[in-house]
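Me: Please take me through this model by question and answer, beginning with the contact between the chains.

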Amino acid sequence: MADSKQVTLRQMRAGQSGIVVQIQGGHGLINRLSALGIRPGKKITKVGSMFMRGPVTIQLDSAQVAIGFGMANKVIVDLG
Amino acid sequence: MKILLMGNPNVGKSVFFSRLTGVHVIASNYPGTTVSYTRGFMKLGGEAVEVIDVPGTYTLEPTSEAEEIASQMLTTGDVVINVVDATNLERNLYLTLQLLEKEIPVVVALNIWDDTEHRGIHINLSRLEEFLGVPVVPTVAVTGQGMSELVKRIDEATSPHAPLRSRDERWAAIGDIIDQVQTITHRHHTRLERLADASVKPLTGIIIAIGVLSVAFLVIRFIGEGLIGYVLDPLFNNLWAPVILRLSDLLGNSGFLHDIVIGRIIGGEVNFVESFGLLTTGLYVPFAMVLPYITSFYLVLGLLEDVGYLPRLAVLMDTVMHRLGLHGYAIIPTMLGFGCNVPAILATRILESKRERFIAATLISIAIPCAALQAMILGLVGQHGVQYVAIVYGTLFLVWVALGIILNRLVKGFSPELLIEIPPYRLPPWRTVLLKLWIRHRGFLMEAIPIILAAVLTINVLYVFGVFNAIANFTAPVVTGLLGLPKEAVTALVVGFLRKDLALGMLAPLALTAEQLVIGSVVLAMFFPCIATFVILVKELGIVDMLKAAAIMITVALLTGGILNLILNYWL
């Protein structure tokens with residue numbers, strides 16, 4: 001883990017990929033995200049984000065999910 | 001026997017339902033099209049079996065009202081057809097595993113099967129069947145492929161009584177299954193996918209949104225005006241008017257019956273907008289003024305829905321909508337509201353909290369004019385110039401923003417954040433687009449026309465008895481003093497409770513100035529919902545919140561009308 005780089009979903013750049021390592025939130029958030037397939041161990045790619053604290057769009061498998069700014073701040077991704 | 005269609009949002013359950021039962025329901029390309037359940041019947045082994053289209057859900061631990069309905073439905077069914085998006089097998093299997101833990105027999109339909117190949121997805125069906133312990137059938141509901149095979153295997157549905165697992169255990173099990181069942185080969189982005197990515201990035205997204213909405217608006221105007229100018233007006237003026245004049249002669253050109261059936265004939269000419277008889281205005285308003293715009297609006301909306309553009313608009317508008325106490329997904333009920341407020345308010349069920357639903361429903365019923373009303377605004381206000389139409393829309397937009405900001409401050413609580421799946425762009429087959437257009441037309445014809453005719457009849461009878469004169473004198477201080485309208489305009493406001501299109505039509509014979517028509521249109525749009533919207537508001541919000549919303553509507557409508565009157569008639 002020494003040379004791996006961990007950032008939040010919001011900090012990722014468009015086009016970057018990484019593995020979700022942690023969701024820093026309560027049960028509610030973890031449940032809602034995991035229902036959409038966003039959970040530790042899952043590889044995701046950031047498609048882009050809207051400016052002015054807009055949502056972040058990510059690609060996982062063949063689905064895309066838009067995640068509000070605050071939630072995106074709580075998803076930690078390992079860029080490897 | 002009762003069959004439940006269950007699955008994640010936007011996997012094609014509603015198309016599936018239509019295929020099985022022949023009952024046509026609205027299906028679109030975004031999660032949450034179905035917010036309440038629909039029932040229908042299909043033939044199975046010679047007997048009629050009930051089929052229920054359950055709202056989509058990702059999990060049996062509900063996170064929204066639509067999902068709550070889905071979980072409750074589960075206890076009432078005998079068999080579940082679990083519709084699964086084959087292109088998103090991993091995520092879809094989570095609900096499948098939860099269903100297998102229940103007592104109920106399950107059969108799995110691997111839908112959107114035709115998309116797996118060009119996405120480079122290969123699924124080993126027999127292995128998957130082995131793992132799940134229930135029948136798995138590949139299907140393409142849109143074309144009907146695999147449907148008869150699925151129906152044949154319904155009686156093989158079983159409940160494997162899988163042991164209850166925790167969330168993490170389920171995901172671990174899914175990981176195992178996916179490893180052994182699915183292989184994905186790499187392939188290049190298609191043009192549609194590149195366009196999809198561009199529409200959720202800031203710069204390209206905004207350009208695309210402006211382009212899409214402008215083209216949508218132009219096409220709606222073009223088709224609507226074209227239908228009126230080249231089809232319906234000629235039909236009414238050249239074919240129907242002579243019939244009416246003959247009938248008028250037959251009825252002796254005057255009298256009680258004549259006034260109700262034909263209305264006023266001025267100088268031997270039929271004025272379809274103003275004469276106000278059952279066979280004149282009663283038919284002209286719904287068929288020649290409103291219907292053309294119902295056609296053009298729902299054609300365009302249907303395309304936007306089926307292509308899958310609306311969730312992208314939600315992403316784009318999220319920041320703005322947060323200022324109004326909502327999040328981006330509220331744009332979907334709002335867009336539906338431009339067609340009809342009733343399905344729009346039902347669609348607020350896709351929002352998570354009661355607070356959001358109250359704000360969204362209130363904003364829609366105040367500031368989003370339905371297609372029928374808009375058709376009349378374009379038809380009547382538009383005669384005086386496009387700038388007046390712009391004032392009406394501009395005012396409603398300002399009210400929408402200002403009231404949203406105020407409600408966001410006043411209503412307790414906070415707005416949850418956006419979390420939605422964005423479906424891929426799809427090119428819908430024309431057949432499904434036209435089918436949906438027909439469903440919506442049928443809705444308009446069956447619900448609007450009887451109300452309009454009944455309203456014309458009632459209004460004519462009430463006129464004879466002088467009821468409206470009494471109301472007009474009573475409300476004159478507000479209508480004339482505050483809004484600057486002739487006191488007779490109050491009839492339109494009263495009729496607005498029945499049908500707003502007809503109500504605006506009632507302003508036509510009053511010889512209003514352009515400014516007065518603008519004020520009348522705005523107040524009519526905002527003042528109070530029509531009866532159909534009113535009923536759905538009571539059902540969805542409860543009586544207390546409905547009364548709150550109604551108080552807001554009346555206050556804001558009178559305030560806005562008064563201010564408009566000051567600006568348009570005194571300052572300018």
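**Contacts, sheet and core**

Reply: In this predicted model, strand 5 (residues 63–67) of chain A pairs with strand 9 of chain B in the antiparallel sense, over four bridges.

Me: In strand 9 of chain B, which residue is the bridge partner of Q64(A)?

Reply: Strand 9 of chain B covers residues 419–422 and is among the elements that each supply at least two residues of the side touching chain A. Within strand 9, the bridge partner of Q64(A) is I422(B).

Me: How many residues of chain A are in contact with chain B, and how many on the side of chain B are charged?

Reply: From chain B, 28 residues take part, and they are in contact with 27 residues of chain A. Besides strand 9, helix 3 (89–100), helix 7 (167–181) and helix 12 (310–323) of chain B each supply at least two residues of that side. The side of chain B that touches chain A has eleven nonpolar and seven polar residues, and the charged ones number ten.

Me: Which strands stand at the edges of the six-stranded open sheet of chain B, and why is one side of each left without a neighbour?

Reply: The order in this mixed sheet is 2-3-1-4-5-7. Each edge strand has a single partner strand, so one side has no neighbour in the sheet; the two are strand 2 (38–44) and strand 7 (136–138) of chain B.

Me: What angle does the direction of helix 5 of chain B make with that of strand 7 of chain B?

Reply: Strand 5 (residues 106–111) and strand 7 of chain B pair in the parallel sense over three bridges, with P138(B) in strand 7 as the bridge partner of L110(B). Helix 5 (residues 125–132) packs on the sheet and touches both of these strands. Its direction and that of strand 7 of chain B make an angle of about 150°.

Me: Which helix gives the largest share of the largest nonpolar core?

Reply: This core holds 184 residues, of which A314(B), I332(B) and M526(B) touch the most other members. The largest share is 13 residues, and it comes from helix 11 (residues 281–307) of chain B.

Me: How many residues does domain 2 of chain B bring to the contact with domain 1?

Reply: Chain B is divided into domain 1 (2–184) and domain 2 (203–571), with 39 Å between their centres, taken over C-alpha atoms. Domain 1 gives 16 residues to the contact, and domain 2 gives 21 residues.

Technical notes. Residues are numbered from 1 along each chain as its sequence is written. Chains are lettered from A and ligands numbered from 1 in the order in which they are written. This is a predicted model: local features need pLDDT of at least 70, side-chain atom pairs count only at pLDDT 80 or more; totals for chains, interfaces and linings use all residues. Two residues are in contact if their C-beta atoms, placed from the backbone, lie within 7 Å. Ala, Val, Leu, Ile, Met, Phe, Trp, Tyr, Cys and Pro count as nonpolar, Asp, Glu, Lys and Arg as charged, and the others, Gly among them, as polar. Two strands pair if DSSP finds at least two bridges between them. Axes are lines fitted to C-alpha atoms, for helices over the stretch in contact, and angles run from 0 to 180 degrees between N-to-C directions. A nonpolar core is a set of buried Ala, Val, Leu, Ile, Met, Phe, Trp, Tyr and Cys residues joined through C-beta atoms within 7 Å. A residue is buried if 20 or more other C-beta atoms lie within 10 Å of its own, exposed if 12 or fewer, and partly exposed in between; C-beta atoms are placed from the backbone. Domain bounds come from an automatic or database domain assignment.
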